[in-house]
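Let's take a walk through this model together. Have the sequence and the 3D view open side by side.

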Amino acid sequence: MRRQFLYTSLILLIGYTAVAQNKEAIKFSQTINKDNSRKHLSVLASDEYEGRETGKKGGWMAADYIKAHFKNLGLKGPVKGDYFQPIDMVNYGLSQVLTIEGQPVEPLKDFYVLPPMVSDKGFAFNTSSVQFAGYGLNKEGYNDYAGLNVQGKTVMIFRTGDPASANKSNGGNINNKIKYLSDNQAQAVLVIDPTIDAMPDNLKSYLQAEQLVMKTKENLDRMSSAQGIPVIYIGTAVANQLLKSAKTTIEAVKKQIAESGKPASQELKIAVSASAKKTETKVRAENVLGFLEGSDPKLKNEVLVITAHYDHIGITPNAKGDDKINNGADDDGSGTTGVLMIAEAFVKAKKAGKGPKRSILFMTVTGEEKGLLGSEWYSEYPIFPLKNTITNLNIDMIGRGDAAHASDNNFVYIIGSDMLSSDLDRIGKKANKDYVKMNLDEKYNNRTDPNRFYYRSDHYNFAKHGIPVIFYFNGVHDDYHQPGDEISKIDFPMLAKRAKLVYFTAWELANGAKRPVVDKNEDGTKKN
């Protein structure tokens, strides 16, 4: 009897498994394989593509490759017939000038201006004198501003230091010092910053780099807001040049303050002028979209969005070793490859008369590495109404693994699946159980995770609008954002398997009777 029960149970189990699996879904998934993975990724992560940086040649080449693939598959170009969604993106450089007694000093050697502190209107001022105000402190027992009226004045202060000792590196937060001068209507601030004398490479690179900006309404409003008080950071050579007009030096005034315990504030009779303005250069940047219309007359108005970012970080000129190209094979060439294969699988299903009931938008976005820019642009200027978007499945790094799974790479991190929708969480996990059977690791699936992965990839720009998401991720490895993220280190069978999980989840979502119910608020609490 027990043996008969065992046989009966086995037959029932096989029957249930057959019912759970969709034979058509399995049939068309065969195009998602290690060979197709290698074919696409060998192109996208090649040296020829120069690390696919947004706004650079390699990024444009990747966009063109993806567009050609979508077009060859027969997907529709949903952006007025095209596959590119152009992003209004520009590079802002900074032109800055500082003169003393009519003679210019050298930017990034003698002085600098922080680019984010300059509005699109820029600033310019000139003055016949500078008010030196020591450490810029205003506290009980010591006040560099005692007896001074800084209104309309250009004020020079030390960035760091303390009146008790010239060797101390504290002495108040520079932002508070600047705020005091701004509140008291100073004209401008000259901040003595000794780091300029031997400027670190990372600071110099930051100051030289152009600022990539999307011209969204929010960004334009922020950049056109009233210019704050102009702040110019100067080195010791410039500071001593100014103090020379009062026949003193930095060391002399520091010593005077330290020995007397009193301010050495004084007016310097010397002409200074300065200006800074932003220069704008248009940048070519686009999301690449391929659209597969659903087969159901009503459900086709609902759209499932599958995303990955095709950009990476480009070339690092000062990288150690001979390899300077950050190929980004895993980040996120692997996810982009997954989208290309999933798109092909669904197109083949449709051509065979088994297409999805709902529509699917396959979208590879740019600018993720610059701050989730491409997905933000789409979420602000969607091609299909966000209210009709049922879910975003986002793939960002599925070609490798991390140290926590070194002994068994049959896993993927899923993040966000239960954040907004219990339905989506159930559908995604059931698809894994029915078809793929890999370890779904939810270690990072919370809003308070210190890594903040939930907020660090393109799905978040959908989640913040209340659209449920699943983020598929293989974790960070030693080659993250390094030239070592090469195609030779990709686990192609696992890349394909993880892409299949996304595909089977998408199949269930695109053909389900109902869209996933959003039953949670953004903070995770249950909706009423």
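Start at Thr31, which sits in the loop that runs from helix H2 (23-28) to helix H3 (34-44). Keep in mind as you look around that this is a predicted model. Thr31 may be in a loop, but with a relative accessibility of 7% it counts as buried, because the cut-off for that label is under 20%. Who's around it? Setting aside residues within four places in sequence, Thr31 touches Asn36, Met341, Glu344, Ala345 and Lys348.

Now move along to Arg358, another loop residue, found between helix H10 (329-351) and strand S17 (359-365). Is Arg358 buried or exposed? Arg358 is buried, because its relative accessible area is 1% and the label needs a value under 20%. Its list of contacts, again without residues up to four places away in sequence, takes in Gly294, Leu299, Lys300, Glu302 and Ile390, and then a run of residues from further along: Leu509, Ala510, Asn511, Gly512, Ala513, Lys514 and Arg515.

What does the side chain of Arg358 make a polar contact with? One partner is the side chain of Glu302, at 2.6 Å. A polar atom of the Arg358 side chain also lies 3.0 Å from the backbone oxygen of Leu509. For a sense of scale, try Tyr472: it is 114 residues from Arg358 along the chain, and the two C-alpha atoms are 22 Å apart.

Time to zoom out. The domain assignment splits the chain into domain 1, made of 23-87 + 285-511, and domain 2, made of 91-281. Their C-alpha centres are 46 Å apart. Where the two domains meet, seven residues of domain 1 are in contact with five of domain 2.

How much area is buried between domain 1 and domain 2? The figure is about 550 Å², and carbon and sulfur atoms account for 74% of it. On the domain 1 side, look for Leu373, Glu376 and Trp377: this trio gives 56% of the area that domain 1 buries against domain 2, more than any other three residues.

What about polar links across that interface? The rule finds zero salt bridges between domain 1 and domain 2. The count of residue pairs in polar contact between the domains, with both residues at pLDDT 80 or more, is zero as well. As for the residues on the side of domain 1 that touches domain 2, four are nonpolar, one is polar and two are charged.

Note on methods:
Residues numbered from 1 in each chain as written. Predicted model: local features only at pLDDT ≥ 70, side-chain atom pairs only at ≥ 80, totals over all residues. Heavy atoms only, no water. Domains from an automatic or database assignment. Contact = heavy atoms within 4.5 Å. Buried area = accessible area lost by both parts, 1.4 Å probe. Salt bridge = Lys/Arg side-chain N within 4 Å of Asp/Glu carboxyl O. Polar contact = N/O pair within 3.5 Å; in protein donor to acceptor, adjacent residues only side chain to side chain. Nonpolar A, V, L, I, M, F, W, Y, C, P; charged D, E, K, R; others polar. Helix = DSSP H or I, 4+ residues; strand = E, 2+ residues; numbered from the N terminus. Buried < 20%, exposed > 50% of the residue type's maximum accessible area, 1.4 Å probe, protein only.
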